[in-house]
Amino acid sequence: MSGESLLVWLLLGVVAGWLAGLVISGGGFGIIGNIIVGVIGSFLGGWLGSQLGISGAVVGGFSVASVVTAVLGAVVLLFIVSLIRRV
């Protein structure tokens, strides 16, 4: 993975994590938390999209489709985490 590619993933993670934080809990999780939630969410969103047969769901680069996929994956991740925290 090149330095530029890593930077794109981190930027995508920050944006996706922050947006997912706004949707789920009303706020972000700080820069490190946003990156972690966003990057894991982008992987989760890409995997879910491929399982559902959505061809545009693969996260590759910084595009609107990538951001939407990553945010949806991060929202799913945060929802699952919130269910686990309640138990």
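**Exercise 1. Find which helices build the nonpolar surface patch of this predicted model.**

Solution.
Step 1. Helix 1 and helix 3 (64-86) each supply at least two residues of the nonpolar patch. The model is a predicted one.
Step 2. List the members. They are Val 23, Ile 24, Val 76, Phe 79, Ile 80, Leu 83 and Ile 84. Together they make a patch of about 610 Å².
Step 3. Find the main contributor. Helix 3 gives the most, with five residues.
Step 4. Check one member, Val 76. This residue is found in helix 3. Its relative accessibility is 31%, so Val 76 counts as partly exposed. A patch residue needs over 30% relative accessible area.

**Exercise 2. Describe the secondary structure of the chain and the make-up of its surface.**

Solution.
Step 1. Count the elements. The chain has three helices and zero strands.
Step 2. Put them in order. From the N terminus, the elements run α-α-α.
Step 3. Look at burial. Of the 87 residues in the chain, 34% are buried.
Step 4. Turn to the surface. The chain exposes about 5,300 Å². Carbon and sulfur atoms supply 74% of that area.

**Exercise 3. Compare the end-to-end reach of helix 1 and of helix 2 with the expected span of each.**

Solution.
Step 1. Take helix 1, residues 3-24. It has 22 residues. From its first C-alpha to its last it reaches 31 Å.
Step 2. Set that against expectation. At 1.5 Å a residue, 32 Å is expected, and helix 1 comes close to it.
Step 3. Take helix 2, residues 30-51. Its 22 residues should span 32 Å at 1.5 Å a residue. Its end C-alpha atoms are 31 Å apart, which agrees.
Step 4. Look just past helix 2. Gly 53 follows the helix, with a positive phi near 80 degrees.

**Exercise 4. Work out how the buried residues of helix 1 are arranged around its axis.**

Solution.
Step 1. Name the buried residues. In helix 1 they are Trp 9, Leu 12, Gly 13, Ala 16, Gly 17, Ala 20 and Gly 21.
Step 2. Look down the axis. The buried residues of helix 1 fall within an arc of 160 degrees, so they line one face of the helix.
Step 3. Recall the helix geometry. An α-helix has 3.6 residues a turn, so residues three or four places apart point the same way.
Step 4. Turn to the other face. Away from the buried side, helix 1 carries the exposed residues Gly 3, Glu 4 and Leu 7.

**Exercise 5. Identify the buried residues of helix 2 and follow Gly 45 and Ser 42 to partners far along the chain.**

Solution.
Step 1. List the buried residues of helix 2. They are Gly 33, Asn 34, Ile 35, Val 37, Gly 38, Val 39, Gly 41, Ser 42, Gly 45, Gly 46 and Gly 49.
Step 2. Check Gly 45. Its relative accessible area is 10%. The cut-off for buried is under 20%, so Gly 45 is buried.
Step 3. Find its partner. Gly 45 and Val 75 are 30 residues apart along the chain, yet their C-alpha atoms are separated by 9.1 Å.
Step 4. Do likewise for Ser 42. Val 68 is 26 residues from Ser 42 in sequence and 9.0 Å from it in space, C-alpha to C-alpha. Val 68 sits in helix 3. With 44% relative accessible area, Val 68 is partly exposed.

**Exercise 6. State how Val 67 relates to Gly 13, then widen the view to the contacts of the chain.**

Solution.
Step 1. Place Val 67. It lies in helix 3. At 15% relative accessible area, Val 67 is buried.
Step 2. Give both separations. Val 67 and Gly 13 are 54 residues apart in sequence and 8.7 Å apart in space, C-alpha to C-alpha.
Step 3. Widen the view. Take contacts between residues at least 6 apart in sequence: 63% of them join residues at least 24 apart.

Terms used: Residues numbered from 1 in each chain as written. Predicted model: local features only at pLDDT ≥ 70, side-chain atom pairs only at ≥ 80, totals over all residues. Heavy atoms only, no water. Helix = DSSP H or I, 4+ residues; strand = E, 2+ residues; numbered from the N terminus. Expected span 1.5 Å × (residues − 1). Buried < 20%, exposed > 50% of the residue type's maximum accessible area, 1.4 Å probe, protein only. Arc of directions from axis to C-beta. Contact = heavy atoms within 4.5 Å. Areas by Shrake-Rupley, 256 points an atom, 1.4 Å probe, with all protein chains shown as cover. Patch = residues over 30% accessible without salt bridge, like charges linked within 9 Å, V, L, I, M, F, W, Y side chains within 5 Å. Salt bridge = Lys/Arg side-chain N within 4 Å of Asp/Glu carboxyl O.
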